[in-house]
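Visitor: Please show me how to read the sheet and the disulfides in a model like this one.

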Amino acid sequence: MTKLLISALALASSVLFTSLTADPALADRRVALVIGNAQYKNTSLSLPNPKNDADDVAATLRTLGFEVVLATNADKRALDQAMQQFARQVTDADSALFFYAGHAMQYQGRNYLMPIDAELEDEISLRYQMVAIDDVRAALERASGVKIMILDACRNNPLADRLARNMANLNRAVGNVRGLARVDKTQGMVVAYATAADDVAQDGSGRNSPFTTALLKRMQEPGIEIEMMFCRVTADVNAQTFGRQRPETYISLLSEYYLNQVDKLAWEKAKDSGDVAALRDFVAKYPASTYTASAQSQLAQLDRAERDQQAAREKAQRETTDLRTQVAALEQQRLARERADRERTERDQADREAAERARMARLEAERLARVEAERKMDEACKRDEERLAGLQRGGTLGRDELVRFERELGCERLRPLVLAAISAPAVETPKTRLVPAPELMDTPQLVRAAQAQLRRIGCFAGDDDGKLNDATRNAVKRYLTQRGLPSNEIKISESLVAELKTQDKGVCALDCKRGQVEKNGRCVAAEKVAEPRRSKKAKPAAHERTAAPAAPRRGPQGAPINNSSPQGPTVTPSIGFGGFGSRFGIRIGH
């Protein structure tokens, strides 16, 4: 009858636990292996209550949310199979528990559990016919959370005594085989013994042993931390056996653990519900729970809240009229603020627009001033060029004339060249004669260099092929237009290339066709990323190679060297007038 009552209680509690753990946040995975061996094949070893102990502990653990692997009256094969199933199920579990009731023994400091078919002749029998506690610990270690080992197994064992006698007759040291030895290295575990180490536990006269009776009682009390729970179990057993049996517990946990969390699950469901009836029901069902004080506090708060709500409703009724008046006033203030903000925004916008117009006017004035300055510089350079040409046409140009010309020079672009001509060593001769030096124009080398520079500053998007085609002429025209220079006649000269090299990037904004974007100074298709097409270097035609004059050798100051002179090489400083297509050579000599 008692067994049926426990089974019914287990079924009802299981249904309650399933409903309470529907929330995944509250459900921990718990796995237990419960073994009870009572009917041994050697009848002298039979025990009255281990099977009952195992059945009742398994039923209680199921009510606490454990997946239970149960084995009773198990031989060696059945024990190995149960251990194998438990080891698989316990992997990564949040809690793992092992309970054993039946015969066990220690040998040379190691503990062994006894299947019902075990026959001990010598120490070899221990390895092959018993189950080592170390194997149980290895299975428990597969869990990721709390590990609990409960051993109600320190019974009087005649077989262990016989082994001790046999080993003594063989003159072998056996050591103590009475009771169980302490389990070492219990980090992260709870190990509970039915009695003290090296001692024997009592079977008792009831359905369960004294230890299991106390354990079943305390496991059904919710909200008790596991260390406190085993303290109460120890006190119960000590009182029941009149001090003859005292359980021992070794706990090495980093945090608190509650074996019975039914009250916790019920509290998690009721604490935020605000339901007075649910809170009162919790207090009635779990008066000893650690959450009962919180439930009572919430009930008191709910009572006060109800009284406060009634007072608040009366106060709210009185304040309704005042609130409406305040809302109307606040609305008027809001409209006034919005109007003021709008007017301020409009004024700020007008100020910004005026400032932008002033900035654009200033930039335009600066641009016009630069254009005017460049125009004046170009006019001065043109006058100085014409003056120098007139001096050359006069037939002679001595050093004094160059010095005077340099003092009166208005074109700063010509000054370095004139100073170089003045400082050049002169051949002893009574007169100085001007000899025009040919200007290289539109050669493939110059065109290719100009194309590279034009593309660098954003005015050209074609290939560096050395051809003076329409694309190249348009690029030069765009550059001259941006610089405010005349663009009627397009010529590629050394002075133009030199001038392009001094310009920064971004002089011209690259003008790409529809569907193209600028990349690395070229226009490429927008719908896909393509590497810039590399064009082969165009070789100059035969007539261009023969027609283009060879570049003269240069002296230390950049002047051509005349190797055909009978007196030896003669340095000829050159004066180039960039942007005007004129070039003069000043030679000291006949």
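Guide: The sheet comes before the disulfides below. This is a predicted model: local features need pLDDT of at least 70, side-chain atom pairs count only at pLDDT 80 or more, and totals for chains, interfaces and linings use all residues. Residues are numbered from 1 along each chain as its sequence is written, and side-chain values use heavy atoms, without hydrogens and water.

Visitor: In what order do the strands of the open sheet run?

Guide: Strands of a sheet pair through backbone hydrogen bonds, either parallel or antiparallel. Strands are DSSP runs of E, at least two residues, and helices runs of H or I, at least four, numbered from the N terminus; two strands pair if DSSP finds at least two bridges between them. Here 6 strands form the order β2-β1-β3-β7-β8-β9, with mixed pairing. The edges are β2 (66-72) and β9 (248-251), each paired on one side only.

Visitor: Which strand does β3 run parallel to?

Guide: Strand β3 (residues 95-101) runs parallel to β7 (residues 146-152), joined by 7 bridges. In this pair F98 stands opposite M149.

Visitor: How many disulfides are there?

Guide: A disulfide is a pair of cysteine sulfur atoms within 2.5 Å, and the count is 2. One joins C381 to C411, S to S 1.7 Å. C381 lies in helix α11 (residues 292-393) and C411 in the loop between α12 (399-407) and α13 (415-423), 30 residues apart. The other is formed by C459 and C508, with sulfur atoms 1.9 Å apart.

Visitor: Why is the disulfide of C459 and C508 assigned its handedness?

Guide: The torsion about its S-S bond is about 75°, so the disulfide of C459 and C508 is right-handed.
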